[in-house]
Amino acid sequence: MDYLNSLSYEIIGAAYQVHSELGPGLLESTYEVCLEYELIKRGFKVERQKALPVIYDDKKLDAGYRIDLLVEDSIIVELKSVAAIEPIHKAQIMTYLKLSELSLGLLLNFNVTDMKKGINRFVM
């Protein structure tokens with residue numbers, strides 16, 4: 001778990017960097033490509049819009065779910081640019097953790113004046 005904690009710290013640092021450069025009020029997709037770029041620049045493996053299949057009746061089905069960013073095959077990063085994180089956003093990342101069988105996820109809302117208020121960490 002130390003590795004995941006260290007990695008999540010690095011991801012959050014990159015999110016702070018992006019937020020400090022861009023500020024709030026842009027589209028989610030803008031923050032997504034910029035955070036992907038910042039993480040790759042820092043040497044991390046990042047997959048953007050990674051397909052997340054659903055296992056139903058022992059069959060793997062493509063249901064159209066996409067993880068915003070998957071970092072080092074270990075941490076799911078979901079990005080938002082909304083007035084407030086709603087319970088459905090939290091439920092979404094918990095479902096993604098369950099479906100992917102990963103244990104750590106970050107839900108980052110960039111539509112805040114202080115990025116600290118936009119960070120939500122989830123452990124399965």
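Helices and strands are here DSSP runs, of at least four residues in H or I for a helix and at least two in E for a strand, numbered from the N terminus. On that basis the protein chain of this predicted model holds three helices and seven strands, and from the N terminus on these elements follow the order α-α-β-β-β-β-β-α-β-β.

**Overall dimensions**

Along the principal axes, the C-alpha atoms of the protein chain fill a box of roughly 45 × 30 × 20 Å. The radius of gyration of the protein chain is 14 Å, which agrees with the value near 14 Å that a compact globule of 124 residues would have. Of the 124 residues, 40% are buried, and the accessible surface comes to about 7000 Å², with 52% of that surface belonging to carbon and sulfur atoms. Among the contacts with a separation of 6 or more, 57% are between residues 24 or more positions apart.

**Nonpolar cores**

In soluble globular proteins, nonpolar side chains tend to be buried together. The largest nonpolar core in this model has 23 residues, of which Ile11, Leu35, Leu39, Ile75, Val77, Leu108 and Phe110 touch the most other members. Two or more residues of this core are given by each of helix 1 (2-22), helix 2 (28-41), strand 4 (66-71), strand 5 (75-80) and strand 6 (104-109), and helix 1 supplies the largest share, seven residues. The surroundings of Leu39 can be listed in detail: leaving aside residues up to four places away in sequence, Leu39 touches Glu10, Ile11, Ala14, Phe44, Val46, Leu69 and Val71. A second core, separate from the largest one, has 10 residues, including Ile76, Ile93, Tyr96 and Leu97.

**Aromatic pairs**

A search of the whole structure finds two aromatic pairs, set out below.

| Pair | Geometry | Centre to centre | Angle between planes |
|---|---|---|---|
| Tyr31 and Phe110 | stacked | 4.6 Å | 10° |
| Tyr65 and Tyr96 | edge-to-face | 6.0 Å | 70° |

The pair of Tyr31 and Phe110 links distant parts of the chain, since Tyr31 lies in helix 2 and Phe110 in the loop between strand 6 and strand 7 (119-123), 79 residues apart. Both Tyr31 and Phe110 are buried. The pair of Tyr65 and Tyr96 likewise links distant parts of the chain, with Tyr65 in the loop between strand 3 (59-61) and strand 4, and Tyr96 in helix 3 (residues 87-100), 31 residues apart. In this second pair, Tyr65 is partly exposed, at a relative accessible area of 37%, whereas Tyr96 counts as buried because its relative accessibility is 6%, under the 20% limit.

**Strand 7 and its partner**

Strand 6 and strand 7 run antiparallel and are joined by five bridges, and the bridge partner of Leu104 in strand 7 is Val123. In a regular strand the side chains alternate between the two faces of the sheet. Strand 7 has a covered face, made up of Asn120 and Phe122, and an uncovered face, made up of Ile119, Arg121 and Val123.

Is Asn120, a residue of strand 7, buried or exposed? The relative accessibility of Asn120 is 18%, and buried means under 20%, so Asn120 counts as buried. Apart from residues up to four places away in sequence, Asn120 touches Ile85, Lys90, Gly105, Leu106 and Leu107.

How values were computed. Residues numbered from 1 in each chain as written. Predicted model: local features only at pLDDT ≥ 70, side-chain atom pairs only at ≥ 80, totals over all residues. Heavy atoms only, no water. Core = buried A, V, L, I, M, F, W, Y, C linked by side-chain atoms within 4.5 Å. Buried < 20%, exposed > 50% of the residue type's maximum accessible area, 1.4 Å probe, protein only. Contact = heavy atoms within 4.5 Å. Phe/Tyr/Trp six-rings, centres within 6.5 Å; stacked < 30°, edge-to-face > 60°. Rg over C-alpha atoms; globule rule 2.2 N^0.38 Å. Areas by Shrake-Rupley, 256 points an atom, 1.4 Å probe, with all protein chains shown as cover. Pairing = 2+ DSSP bridges.
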